[in-house]
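Student: I'd like to go through this model with you, one question at a time. Can we start with the ground rules?

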Amino acid sequence: MELKIKYFGQIAEVTQQEEESLEFSGVLISELIEQLYEKYTPLKNKDFQIAQNQELVTLETQVSGNEIALLPPFAGG
Amino acid sequence: MKDKKIKNVFRQGAISSEFIGDSIAKHQAKTSIGAHNIFLGQVRADVIDDKTVSAIEYTAYEDMANAKFHEIREAAFEKFELTCMHIYHSLGTVKAGEICLFVFVSSPRRKVVFKALEFIVEAIKADVPVFGKEVFEDESHQWKVNN
């Protein structure tokens with residue numbers, strides 16, 4: 001399936017873009033993250049949470065939505 | 001007064017003292033209110049390794065952030081007897097000394113507004129996907145992390 005991946009803050013600095021479409025054939029979020037680690041090695045050293053369709057998910061969550069976001073530590077306020 | 005519609009909390013740039021003053025003035029018509037409480041987040045000129053923060057550039061996952069702000073609003077109205085509440089957060093560049101977060105709660109009585117404001121501000125810090133790039137005077141930067 002085709003996923004829209006969004007990157008923010010210091011994660012977007014690593015990926016050099018804020019959004020991309022990605023073809024994904026796996027099942028779990030963890031597999032997607034592995035795929036992203038292969039593409040962007042420095043991501044392995046970054047701290048981030050993952051949102052699927054704007055809800056936080058874990059690595060064990062199944063990929064079901066079409067919008068996945070990698071969120072670095074929050075800094076509001 | 002519950003409001004089901006998701007509002008856009010974000011404002012471009014710093015939140016001015018005029019905007020804050022106008023918000024207070026608008027509440028004079030709501031005479032059931034006996035107590036307001038206001039939180040203003042201000043950009044601090046932190047000194048890190050001899051370099052001084054001159055501004056923070058805010059970005060956000062805006063759709064998710066506005067949904068989270070809405071959840072926090074709903075939770076606050078559920079938990080506390082509030083007449084109204086308003087939240088505004090900056091996007092883009094906010095210089096040191098300028099205001100980046102404005103939270104305004106109102107209630108018939110005072111005790112509730114102290115508790116409500118703390119609840120709301122702490123939830124914003126912990127749960128809302130807003131990101132801050134701390135820009136130093138020499139234009140290098142680091143990323144702010146809430147703790």
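Tutor: Sure, and a definition comes before anything else: a salt bridge is a side-chain nitrogen of Lys or Arg within 4 Å of a carboxyl oxygen of Asp or Glu. This is a predicted model, where local features need pLDDT of at least 70, side-chain atom pairs count only at pLDDT 80 or more, and totals for chains, interfaces and linings use all residues. Residues are numbered from 1 along each chain as its sequence is written, chains are lettered from A and ligands numbered from 1 in the order in which they are written, and side-chain values use heavy atoms, with hydrogens and water left out.

Student: Which residue meets B:Lys51 in a salt bridge?

Tutor: Start from B:Lys51, which sits in strand S4 of chain B; helices (H or I, at least four residues) and strands (E, at least two) are DSSP runs, numbered from the N terminus. Its partner is 87 residues apart in sequence, in the loop between strand S7 (130-136) and strand S8 (141-143), so the pair links distant parts of the chain. The N to O distance is 3.9 Å, and the partner is B:Asp138.

Student: Is B:Lys51 buried, partly exposed or exposed?

Tutor: The cut-offs are these: buried means under 20% relative accessible area, exposed over 50%, and partly exposed in between (1.4 Å probe, protein chains only). B:Lys51 has a relative accessible area of 28%, so the label is partly exposed.

Student: Over in chain A, how far apart are N and O in the salt bridge of A:Glu19 and A:Lys6?

Tutor: This pair also links distant parts of its chain, with A:Glu19 in strand S2 and A:Lys6 in strand S1 (residues 2-7), 13 residues apart. A:Glu19 is partly exposed at 40% relative accessible area, whereas A:Lys6 is buried at 16%. The N to O distance of the bridge is 3.4 Å.

Student: And how close do the N and O atoms of B:Arg44 and B:Asp46 come?

Tutor: Check the exposure of the two residues before the distance. B:Arg44 is exposed at 58% relative accessibility, while B:Asp46 is partly exposed at 23%. Their closest N and O atoms are 2.8 Å apart.

Student: How many salt bridges does the rule give over all chains?

Tutor: The pairs we've been through are among them: A:Glu19 with A:Lys6, B:Arg44 with B:Asp46, and B:Lys51 with B:Asp138. Over all chains, the count of salt bridges is 7.

Student: Why is chain A as compact as a globular protein of its length?

Tutor: Chain A has 2 helices and 5 strands, in the order β-α-β-α-β-β-β along the sequence. Take the radius of gyration over C-alpha atoms and set it against the globule rule, 2.2 Å times the number of residues to the power 0.38. Chain A is as compact as a globular protein of that length because the rule gives 11 Å for 77 residues, close to its radius of gyration of 12 Å.

Student: What share of chain A is buried?

Tutor: For scale, the C-alpha atoms of chain A fill a box of roughly 35 × 25 × 20 Å along the principal axes. Of the 77 residues in the chain, the buried share is 51%.

Student: What is the phi of A:Gln16?

Tutor: A:Gln16 is in the loop between helix H1 (9-15) and strand S2 (19-23) of chain A. At a relative accessible area of 70%, A:Gln16 is exposed. Although A:Gln16 is not a glycine, its phi is positive, at about 65°.

Student: Same query for chain B: what phi does B:Asp50 have?

Tutor: B:Asp50 is in the loop between strand S3 (47-48) and strand S4 (51-60) of chain B. Its relative accessible area of 77% makes B:Asp50 exposed. This non-glycine residue has a positive phi of about 70°.

Student: Last one: how far apart in space are A:Thr41 and A:Thr15?

Tutor: A:Thr41 lies in the loop between helix H2 (29-39) and strand S3 (49-52) of chain A, and counts as partly exposed at 48% relative accessibility. The two threonines are 26 residues apart in sequence, while their C-alpha to C-alpha distance is 9.6 Å.
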